[in-house]
Amino acid sequence: QARALTPQTAETDAIRFLVGTQSLKYDNQIHIIDFDDENNIINKNVLLHQVGEIWHISASPVDKGVLATCYNKPSDSKVLTCAAVWRMPKELEPGSHESPDDASSPAHTLELLCHLDHTAHGSVACVAWQPTGDGSRVVSLADSHVLLWDLQECSSQAVLASSASLEGKGQLKFTSGRWSPHHTCTQVATANDTTIRGWDTRSMSQIYCIENAHGQLVRDLDFNPNKQYYLASCGDDCKVKFWDTRNVTEPVKSLEEHSHWVWNVRYNHSHDQLVLTGSSDSRVILSNMVSISSEPFGHLVDDDDLSDHEECRPEEKGQEPPQDSVIATYEEHEDSVYAVDWSSADPWLFASLSYDGRLVINRVPRALKYHILL
């Protein structure tokens, strides 16, 4: 069983994903999934993660060997979710392949670099690395606290730089957070209950608040990589919404294609009209949100250019802007899809992970790829 997936962000040559398992019965593992694009082969290496079941995994944006996990740890009578930063063994760097899936090859163990000590703050929901810079700044969300950490001495020590907490009645808990790649990386968005908040990491003060962003729990957030202020959210009301954080009274767009909770939303890193979502309805949906992308008018097609019937639909012949649409629905999973993500190395490739441990790698349909590129 698994619910944690991340591309190896710092790896821009090889197509590589990391998956964390969530088993109560066995020692948990991190599976390093390498996809050989030319031969359509998946190679797998296994790292032991003996400290507990993995709820969240994130990779350093600058160091291929470094990652963070959030994992369960029994403490007294309750279970706490902790976070730690790890280093992979050197021999598992891309390009140093042993034979794939070789049962006789020993499992490797992760080297613990440091714990993010949350004992005073509660259970950790996620850890997010600052997207640019030297990989030394991470934000973690623990219960009702936003914590900003400085990783020092090659990540062997984590110092709490600053923090902020939610004010209000009741048990306030964060579900997820994302670091904005814009505004010189000084903004983080968080979700708790049905609310989305923006924070300035310099003052740790709140900069915007979208109350009742979704009818039920907000599960995930992602920033448009090419358009500042644009943020996507998804939640248990089966909806995906797109926001302009300068005016948060109404979403810019709303998608209602899933029939159950939407766990994940991810913008494509290069072509921000491509949006990926995964849901407990066991489906992965790839949408074309061209009207709110950084290229809303795209490439306008002349009648003379039309050679392939797939390349263009009739409504695009006029000088109308292309319409938002669902590109494809993927139904290879039989269980809830808890994670979807794009490859860091190939912008046309993505992975999805369902709770039964099935990982599926798909490509953006070729006709659409050429339509975007040409």
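How many bridges join strand β19 to β20? Select residues 230–235 for β19 and you will find five bridges to β20, with the two strands running antiparallel. Strands here are DSSP runs of E with at least two residues, helices are runs of H or I with at least four, and both are numbered from the N terminus. Two strands count as paired if DSSP finds at least two bridges between them.

Before going on, note that this is a predicted model, where local features need pLDDT of at least 70, side-chain atom pairs count only at pLDDT 80 or more, and totals for chains, interfaces and linings use all residues. Residues are numbered from 1 along each chain as its sequence is written, and side-chain values use heavy atoms, leaving out hydrogens and water.

**Stop 1: around β20**

Stay with the hairpin of β19 and β20, and click on the four residues between them: C238 in this turn has a positive phi of about 70°. Next, show L231, which stands opposite W243 in β20.

Now select β20 itself, residues 240–244. Five of its five residues are buried, meaning under 20% relative accessible area (exposed is over 50%, partly exposed in between; 1.4 Å probe, protein chains only). Turn on the side chains: V240, F242 and D244 point one way, while K241 and W243 point the other way.

Then add β21, residues 253–255, which pairs with β20 in the antiparallel sense over three bridges. Look for V240 opposite L255.

**Stop 2: the four-stranded sheet**

Move to the open sheet with the order β5-β6-β7-β9 and antiparallel pairing. β5 (54–59) and β9 (111–116) are at the edges with a single partner strand each, so one side of each has no neighbour in the sheet. For the inner pair, select residues 66–75 (β6) and 78–87 (β7), which are joined antiparallel over 10 bridges. Within this pair, N72 of β6 stands opposite T81 in β7. As you zoom in on the backbone, recall that strands of a sheet pair through backbone hydrogen bonds, either parallel or antiparallel.

**Stop 3: helix α1**

Finally, select residues 366–373 for helix α1 and pick out Y370. Is Y370 buried or partly exposed? Y370 is partly exposed, with a relative accessible area of 34%.
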